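Me: I would like to go through this structure with you. May I put some short questions as we look at it?

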Amino acid sequence: MIQSFEIFLATAPGLEPLLFEEVRTKGFKRPKAVPGGVTIAGGWPEVWRANLWLRGAGRVLARIDSFRAVHLAQLDAKARRVDWASVLRADVPFRVEASCAASRIYHSGAAAQRIETAIRETLGAKPSEDGVLVMVRLENDQCTISVDTSGEPLHKRGYKEAINPAPLRETMASLFLQACGHDGTEPVVDPMCGAGTFVIEAAEITARLNPGRSRAFAFERLASFDDAAWQAMRAVRRAPASAARCHGRDRDAGAIAMSRANAERAGVAENTDFAQAPISELTPPEGPPGLVMVNPPYGSRMGEGTDLAPLYAAFGQVMLRRFAGWRVGMVTSEPKLAHATRLPFLPNTAPVPHGGLRVALYRTLPLA
């Protein structure tokens, strides 16, 4: 049995520092930010824990072997020496995807075929389009073989049946909340909540709920899987929940209905409050100040052909007049719209890809 290996935690380019910070605070060993994600060291329990615990990772890959290969015959021979039986099951189908960069083996299809044949002939497993994904990366003649342990991307938490146009992925929303300092001990308000992504993510953090608690994972189909140990890991209760509440507002009644239904399925209905209201009617909830987190319409995402500057200006006026002591976090693709709010933003983060656009997070300190 392969006991320890490198684990790659994938995220969108530009979000690696935020994911690194989350990984570090959750106690994983030897975290290192690399292009496209964060690597850690560990074994199968760490793989399970990363899928269960991490809010910002999009996928967890177990890097089970690495070797040099300069031609297809060498790739074939070395692939047959990989301990496939300690990772894959003969009765569970698999599929192989390969990529090549700066290597003498340059045909990704041929490389994938060699690995597939090696697995089929040494293990007896059958290839299938819906099988466990084996990923092969050839870079500078070094072949790295990984197994996707997540299955469906990790932003699919298992509760969101209803979505609005161009939703923000839960993984990105969680990292942006973290970047704005949200730790679950303060109220959060989203005045344009859509399907409720920011509000529900914030409420789960407040309730100390693991993001992967309600879904299945590809690692449950691997030879290394121990169901009893996994069930014991899932049963562990985190720290007591905070009393802070998370609030969603939207001018669209359909969005509020979606948010309520999603919060109910996520198990955070008691921690959340949704109501239909335009920006002009937005007021702070009772209690201490916290964080206003918003993903307003922008550019081709939802406002193409319309002038969105008045909406941003109105939002900024409400923040400055009514939300003294609150911090603001805003996601947008257009700096001009951000500046239309006249809010005192800190230097914004580097843009990251989202839905065919590049968006940035704009943050403030507590408003005066």
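Me: Where does Gly27 sit relative to α1, and what is its phi?
Reply: Gly27 comes just after α1 and takes a positive phi of about 85°. Helices (H or I, at least four residues) and strands (E, at least two) are DSSP runs, numbered from the N terminus.

Me: What kind of model is this?
Reply: It is a predicted model, in which local features need pLDDT of at least 70 and side-chain atom pairs count only at pLDDT 80 or more, while totals for chains, interfaces and linings use all residues. Residues are numbered from 1 along each chain as its sequence is written, and side-chain values use heavy atoms, with hydrogens and water left out.

Me: Back to the helix. Which residues of α1 are buried?
Reply: They are Glu16, Leu18, Leu19, Glu22 and Val23, where buried means under 20% relative accessible area, exposed over 50%, and partly exposed in between (1.4 Å probe, protein chains only).

Me: Why are they on the same side of α1?
Reply: Because these residues cover an arc of only 160° around the axis, they lie on the same side of α1. The arc is that of the directions from the helix axis to the C-beta atoms.

Me: And which exposed residues are on the face turned away?
Reply: Pro17 and Thr25 are the exposed residues carried there.

Me: What covers the buried residues of α1?
Reply: The cover includes β1, β2, β3, α2 and α5 (170-179). Contact here means heavy atoms within 4.5 Å.

Me: Now the sheet. What is the strand order?
Reply: The open sheet has 7 strands in the order β2-β3-β1-β4-β7-β6-β5, with mixed pairing. Its edge strands, β2 (29-34) and β5 (94-101), each pair on one side only. Two strands pair if DSSP finds at least two bridges between them.

Me: In what sense do β1 and β3 pair?
Reply: Strand β1 (residues 5-10) and strand β3 (residues 37-42) pair in the antiparallel sense over 6 bridges. Within β3, Thr39 is the bridge partner of Phe8.

Me: A different topic: where is Glu129, and is it buried or exposed?
Reply: Glu129 is in the loop between α4 (108-123) and β6 (132-139). Glu129 counts as exposed because its relative accessibility is 73%.

Me: What separates the C-alpha atoms of Glu129 and Arg95?
Reply: A distance of 6.2 Å separates the two C-alpha atoms, although Glu129 and Arg95 are 34 residues apart along the chain.
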